[in-house]
Amino acid sequence: MELRVLVDKCSGCGTCETTCPFGAIVVRAAVAVVLDSCVDCGACIDACPENALMLGSQAEGGARLEDYRHVWVFAEQRDGTLTRVAEQLMCKARDLADALGARAEAVLLGHQVESLAETLVWDGADTVYLAEDPRLAHYRTEPYTRVLADLIRERRPEIVLFGATVIGRDLAPRVSQRLHTGLTADCTALDIDESERLLLQTRPAFGGNVMATIVCPMHRPQMATVRPGVMVARPPDPSRQGSIQRVPVRLEPQDLRVVVREVVKGARRRADLETARIIVSGGRGLGNPAGFALLEDLAAALGGEVGASRAAVDAGWIGQDHQVGQTGKTVHPDMYVACGISGAIQHQAGMKEAKFIVAINKDASAPIFRIADVGIVGDLYQVVPEVIREVRAAKAGSIV
Ligand SMILES: Cc1cc2nc3c(=O)[nH]c(=O)nc-3n(C[C@H](O)[C@H](O)[C@H](O)COP(=O)(O)OP(=O)(O)OC[C@H]3O[C@@H](n4cnc5c(N)ncnc54)[C@H](O)[C@@H]3O)c2cc1C
C-alpha cells in the first residue's frame with residue numbers, strides 16, 4: 001500500500017506536514033506531496049481535515065510522481081496521413097526520452113491507420129499504442145479525449161506532447177482537464193531538467209517580450225502543445241525497431257453525441273509555408289492588397305510560397321494561413337525574402353531560423369536589417385519588379 005494524495009480534495013492546509021513524524025509529506029504549490037521517506041504509517045490520513053489522503057488502491061488519480069515514466073506523442077493523423085508535426089514531435093520525444101533514460105512512445109488513434117505506426121518507429125518511437133475503431137475515423141473531441149485520457153491513466157507517461165494544430169489545441173486542454181494536470185500551450189522549445197525529471201516548456205509571454213520557461217512540478221503527466229515547424233524532424237531510420245501495441249477502445253454513449261455526417265474540404269489551396277524552401281513575405285509596407293500579386297510573381301519566379309506579416313493579415317490583404325510569426329507559422333526555409341516588413345520581434349519569432357534572409361525596406365533603420373544576410377534599402381515597388389526580371393532572365397539562361 002502506498003500513501004496517495006487526492007489532489008482534487010487537498011487544500012494545501014499543511015496539517016499532514018506538521019503531523020507526519022517522518023517529515024515525509026510536504027506541501028508544495030498548495031498540494032501535499034509524498035516523499036520517498038514515507039512509511040505509510042497513516043498518521044496524516046487520520047489528521048487530514050479534507051480526507052485527501054488514502055492508502056494505495058483506495059486512491060483515485062493519486063499516483064506518485066515517480067509512478068509516471070516515458071515520453072508520449074499524440075500522433076495526429078488526418079485521412080490516414082501522419083501530420084508533419086507528429087513526426088517532428090516524435091523526433092523531439094526521442095531526444096527528451098534519451099535525456100531521461102526513458103522510452104519514447106506514440107499514441108495513434110484512428111481507423112485503418114496501422115500502417116502509420118512503422119513510420120513513428122522510424123522517427124524514434126519505442127512503442128506505438130494503436131487504438132483503431134471506425135468511430136475514431138474522424139476526429140471528434142469526446143471519443144478522442146476518452147480514449148487518450150483512459151490510456152494515460154492506465155500507462156502513466158510522464159510527458160505527453162501534442163501539435164498545436166486545430167485538433168491538438170482542442171484535444172490537449174480536454175485531456176489535461178480530465179487528468180487534473182497542467183498544459184503549456186504553443187511551446188517554442190522543450191528541454192529536460194534531468195535531476196528533477198522536469199519538462200522545461202518555453203514559450204513567448206507578455207506579447208512576445210519575454211520567453212517564459214514553464215514547469216509542472218506537482219502533477220503528471222507534464223503536457224505541452226508545440227507549433228508545427230518549431231521542432232525539426234530527422235530523416236526516418238528504417239532500421240529502427242519498435243513494438244506496436246493495440247489498445248482497446250471503450251466508448252460510452254455520451255462520448256458519441258456529436259455525429260460527423262459529411263466532411264467537406266475547402267477548395268482553397270492553403271499556403272504550405274512549413275515545408276517551403278523559399279518564402280517571399282509581404283508586410284504593411286505593401287500599402288494595399290494588390291501588392292501581394294507582385295509578391296506572388298516573385299514567389300512563382302523563385303519557386304516559393306507567399307508569406308505575410310500579421311499587419312498585412314490583420315488588414316485583410318491575405319489569409320491568416322500565410323501569417324509568419326509568433327501567432328502565425330514558424331518557418332525554416334532556405335531563403336526568406338521580407339518585403340515591406342519592419343521585423344518586429346513577433347515576426348522574427350517565426351522566421352529568424354531561415355538559412356538566408358533578404359530584406360527589402362525603404363527605412364534603413366528597420367530592425368529586419370539586423371538579421372538580414374542581404375539588405376536592400378529601397379521602395380519595394382521598384383526593387384521587386386527588377387528582381388523578378390533578373391530571376392526570369394537568369395532562368396531563361398540570359399542575364400540582361
Ligand atoms: C501578441 C502579439 C503577437 C504577434 N504576432 C505576430 C506574428 O505572428 N507575426 C507578425 O508578423 N506580427 C505579429 N505581431 C505584430 C508585430 O508586433 C508587428 O506589429 C507586425 O509584425 C508589423 O508588421 P509589418 O512589419 O508588416 O508592419 P510595420 O511594422 O508597419 O512595418 C512596415 C514596414 O514597411 C516599410 N515600408 C513601407 N513602405 C515601403 C515600401 N514602399 N517599400 C519598402 N518598404 C516599405 C516600412 O519602412 C516599415 O519598416 C504580434 C504582436 C503581438 C502583440
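Strands, like helices, are DSSP runs numbered from the N terminus, a strand having at least two residues; the legends below use these element names for a predicted model.

**View 1. A loop residue with positive phi, His-70, in the predicted model.** His-70 is found in the loop that lies between strand S4 (53-55) and strand S5 (71-74). Although His-70 is not a glycine, its phi is positive, at about 90 degrees.

**View 2. The antiparallel open sheet S12-S13-S14 and helix H3.** Three strands, in the order S12-S13-S14, make up an open sheet whose pairing is antiparallel. Its edges are formed by strand S12 (189-193) and strand S14 (210-214), each of which pairs on one side only, and the twist from one strand to the next averages 30 degrees. Between S12 and strand S13 (residues 198-205), which run antiparallel, there are five bridges; within this part of the view, Asp-191 stands opposite Leu-200 in S13. Helix H3 (residues 84-100) packs on the sheet, where it touches S12 and S13, and the direction of H3 makes about 10 degrees with that of S12.

**View 3. The cis peptide bond between Arg-220 and Pro-221.** The bond that joins Arg-220 and Pro-221 is a cis peptide bond, with omega at about -5 degrees. Pro-221 has its place in the loop between S14 and strand S15 (222-226), and S14 is itself an edge strand of the sheet in View 2.

**View 4. The parallel open sheet of five strands.** The strands of this open sheet follow the order S18-S17-S19-S20-S21, and their pairing is parallel. At the edges are strand S18 (305-308) and strand S21 (374-377), each pairing on one side only, while neighbouring strands are turned against each other by 20 degrees on average, direction ignored. Strand S17 (residues 278-282) pairs with strand S19 (residues 335-339) in the parallel sense over five bridges, and Ser-281 stands opposite Ala-338 in S19.

**View 5. Two helices, H7 and H11, packed on the parallel sheet.** Helix H7 (residues 291-302) packs on the sheet and touches S17, S18 and S19, its direction making about 170 degrees with that of S17. Helix H11 (residues 380-395) likewise packs on the sheet, but touches S19, strand S20 (356-361) and S21, and its direction makes about 135 degrees with that of S20. Strand S19 is thus touched by H7 and also by H11.

**View 6. The surroundings of the ligand.** There are 25 residues around the ligand, and those that come nearest are Arg-284, Ser-309, Thr-327, Ser-342 and Gln-346. By class, this shell comprises five nonpolar, 15 polar and five charged residues. Ser-309, one of the nearest residues, has an N or O atom in its side chain that is 2.6 Å from an oxygen atom of the ligand. The backbone also takes part in the view: a polar backbone atom of Gly-328 is 3.3 Å from an oxygen atom of the ligand, and a backbone N or O atom of Gly-285 lies 3.4 Å from a nitrogen atom of the ligand. On its own the ligand has 990 Å² of accessible area, of which the protein covers 77%. The elements giving two or more residues to the shell around the ligand are helix H8 (310-314) and helix H9 (345-351).

Conventions. Residues are numbered from 1 along each chain as its sequence is written. This is a predicted model: local features need pLDDT of at least 70, side-chain atom pairs count only at pLDDT 80 or more; totals for chains, interfaces and linings use all residues. Side-chain values use heavy atoms; hydrogens and water are left out. Two strands pair if DSSP finds at least two bridges between them. Helices (H or I, at least four residues) and strands (E, at least two) are DSSP runs, numbered from the N terminus. Axes are lines fitted to C-alpha atoms, for helices over the stretch in contact, and angles run from 0 to 180 degrees between N-to-C directions. Contact means heavy atoms within 4.5 Å. A residue is near a molecule or strand if one of its heavy atoms lies within 4 Å of it. A polar contact is a pair of N or O atoms within 3.5 Å; within protein, one must be able to donate a hydrogen and the other to accept it, and residues adjacent in sequence count only if both atoms are side-chain atoms. Accessible areas come from the Shrake-Rupley method with a 1.4 Å probe; for residues, only the protein chains shown count as cover. Ala, Val, Leu, Ile, Met, Phe, Trp, Tyr, Cys and Pro count as nonpolar, Asp, Glu, Lys and Arg as charged, and the others, Gly among them, as polar.
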